[in-house]
Amino acid sequence: MKHQDLIFSNDVASQLDALVEKYNPSKLFVLVDANTRELVLPQLEGALVLENASIITINAGDVNKNIESLTYIWNQLVEGGATRKSMLINLGGGVITDIGGFAGATFKRGIRFINIPTTLLSAVDAAVGGKTGINFYGFKNEIGAFCEAEAVIISTRFLATLSNEELLSGYAEMLKHGLISNADIYNRLFSNDVVNIEAEDMLQLLRESVMVKKRVVEEDPTEKGIRRALNLGHTAGHAFESLALQRNKPIPHGYAVAWGLVVELVLSHMHLQFPSNELTRLATYIYDNYGAFNITCDDYQALIEFMRHDKKNDSANEINFTMLKNVGDIHIDCIASEEDIKTAFDIYRDFMHI
């Protein structure tokens, strides 16, 4: 696994200048969406390297993390004269770092890229770890590649541009990192008012959370083993996202993960006796802060079919979960039956007052 510069700083412009000087690309491209072009790019006017950069703008939102947007980025790189010595700056949330990373991984078989996540979710999740990709055929992240950014600049200076919903979305991934690390980190996350936390305090929490992910990724960069711990909450969460897309009512990724954590900790309690008091504490926190994703018994089979397409499964007949025996006690490659999953959905609905 190659070395990656992981920088925690609120002086983003000077850090970017230093990195570009270090890497010395032949030409610089910046990928943004319509929102980050308007709200974030002006905040980097102090970065000298951006004066001669080419800006590539795509539409915002997960529905645009698709093959059409990817093709547009490739076209802009070609028309802009990009070579294998060019560099791409991905400035945005998880959609931008996912699709921009995939564009970087594939254009001319790979050009270097830097991620500057602008949302809490992308800072703690998508921007670090080398997973890139697009949605395809109705499935989340169906096409992609493992490809690390040369560097990631993590900052809290852009969080003021975010809605409470976007802050909570990112915080769900931090809760997941707490669950797979240790009780100290996990318990600290319950003591904060997410939407009112001071920038420097959040930067410290972010550093702690990202380093949990970094350690796991370094041990298993291509998800052959322990990296699957990072999928806690995601098997059910991605199914919720896919069902929401099918309903034409997309939900934020972090919210889906939050609800997925409840389902998968219920399964953890059923299979590994994860403590009921911790399950209740998390479920109550999720309901109080994230509300509920509404499902009925009629949705169970569709959700299970979405789970069958999860990339962690070794076969279409078995659905693979990461489960916990306790906070920090991780068990990967756990198989749950359809009957167990349906029971977990029943209990989830009880916790969510559905």
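Exposed, in these notes, means over 50% relative accessible area. I need that cut-off for Asn-248: its relative accessibility is 66%, so I enter Asn-248 as exposed. I should also jot down that this is a predicted model.

**Entry: two residues with positive phi**

I looked up Asn-248 because of its backbone: its phi is positive, about 60 degrees, although Asn-248 is not a glycine. I found Asn-248 in the loop between H9 and H10.

Asp-333 came up next, also with a positive phi of about 60 degrees and also not a glycine. I traced Asp-333 to strand S10, residues 329–336. Asp-333 has 36% relative accessibility, so I put it down as partly exposed.

**Entry: H10 against H11**

I took helix H10 (residues 253–272) and H11, and got axes that come within 10 Å and cross at roughly 160 degrees. Angles over 145 degrees count as roughly antiparallel, so that is what I call H10 relative to H11. I logged the crossing of H10 and H11 as left-handed.

Then I listed who meets whom. From H10 I have Tyr-255, Ala-258, Trp-259, Leu-261, Val-262, Leu-265, Val-266 and His-269, and facing them in H11 are Ser-276, Leu-279, Leu-282, Ala-283, Ile-286, Asn-289 and Tyr-290. Sorting the residues of this contact by class, I get 12 nonpolar, three polar and no charged.

**Entry: H12 against H13**

I did the same for helix H12 (residues 300–308) and helix H13 (residues 338–351): the axes come within 11 Å, crossing at roughly 120 degrees. I therefore write H12 down as oblique to H13. The crossing of H12 past H13 is right-handed.

On the H12 side I noted Tyr-300, Gln-301, Leu-303, Ile-304, Met-307 and Arg-308; they meet Glu-338, Ile-341, Lys-342, Phe-345, Asp-346 and Arg-349 of H13. What classes do the residues in the contact of H12 with H13 fall into? I have six nonpolar, one polar and five charged.

**Entry: aromatic pairs**

I searched the whole structure for aromatic pairs and found 10. I opened Phe-240 with Phe-293: the ring centres are 5.1 Å apart and the planes sit at 50 degrees, so I have a tilted pair. Phe-240 is in helix H9 (residues 234–246) and Phe-293 is in the loop between helix H11 (276–290) and H12, so this pair ties together parts that are 53 residues apart in sequence. I checked accessibility, and both Phe-240 and Phe-293 are buried.

Phe-240 also forms an aromatic pair with Tyr-348. I have that one as tilted too, with 5.5 Å centre to centre and 35 degrees between the planes. It links distant parts of the chain, with Phe-240 in helix H9 and Tyr-348 in helix H13, 108 residues apart. Tyr-348 is buried, as is Phe-240.

I then followed the ring pairs outward. They link Phe-240, Tyr-255, Trp-259, Tyr-290, Phe-293, Tyr-300, Phe-345 and Tyr-348 into a cluster. Cross-checking with my helix lists, I see Tyr-255, Trp-259 and Tyr-290 in the contact of H10 with H11, and Tyr-300 and Phe-345 in that of H12 with H13.

**Entry: single residues**

Where is Thr-156? I found Thr-156 in the loop between strand S8 (151–154) and helix H6 (164–181). Its relative accessible area is 5%, and Thr-156 is buried. Leaving out neighbours within four places in sequence, I have Thr-156 in contact with Asn-10, Ala-199, Met-202, Leu-203 and Leu-206.

I looked at Ala-82 next, in the loop between helix H3 (67–79) and strand S4 (87–92). Ala-82 is buried, at 8% relative accessible area. With neighbours within four places left aside, its contacts are Phe-29, Leu-77, Phe-107 and Lys-108. I checked Phe-107 further: Ala-82 and Phe-107 are 25 residues apart in sequence, and 9.1 Å apart from C-alpha to C-alpha.

Last, I went to Phe-136 in strand S6 (residues 131–136). Buried or partly exposed? I have Phe-136 as partly exposed, its relative accessible area being 39%. Beyond neighbours within four places in sequence, Phe-136 is in contact with Glu-142 and Ile-143. I also looked up its separation from Trp-259: the two are 123 residues apart along the chain, and their C-alpha atoms are separated by 23 Å.

How values were computed
Residues are numbered from 1 along each chain as its sequence is written. This is a predicted model: local features need pLDDT of at least 70, side-chain atom pairs count only at pLDDT 80 or more; totals for chains, interfaces and linings use all residues. Side-chain values use heavy atoms; hydrogens and water are left out. Axes are lines fitted to C-alpha atoms, for helices over the stretch in contact, and angles run from 0 to 180 degrees between N-to-C directions. Helices (H or I, at least four residues) and strands (E, at least two) are DSSP runs, numbered from the N terminus. Angles under 35 degrees count as roughly parallel, over 145 as roughly antiparallel, 65 to 115 as roughly perpendicular and the rest as oblique. A crossing is left-handed if the near helix is turned anticlockwise from the far one by less than a right angle, and right-handed if clockwise. Contact means heavy atoms within 4.5 Å. Ala, Val, Leu, Ile, Met, Phe, Trp, Tyr, Cys and Pro count as nonpolar, Asp, Glu, Lys and Arg as charged, and the others, Gly among them, as polar. Rings of Phe, Tyr and Trp (its six-membered ring) pair if their centres lie within 6.5 Å; planes under 30 degrees apart count as stacked, over 60 as edge-to-face and the rest as tilted. Buried means under 20% relative accessible area, exposed over 50%, partly exposed in between (1.4 Å probe, protein chains only).
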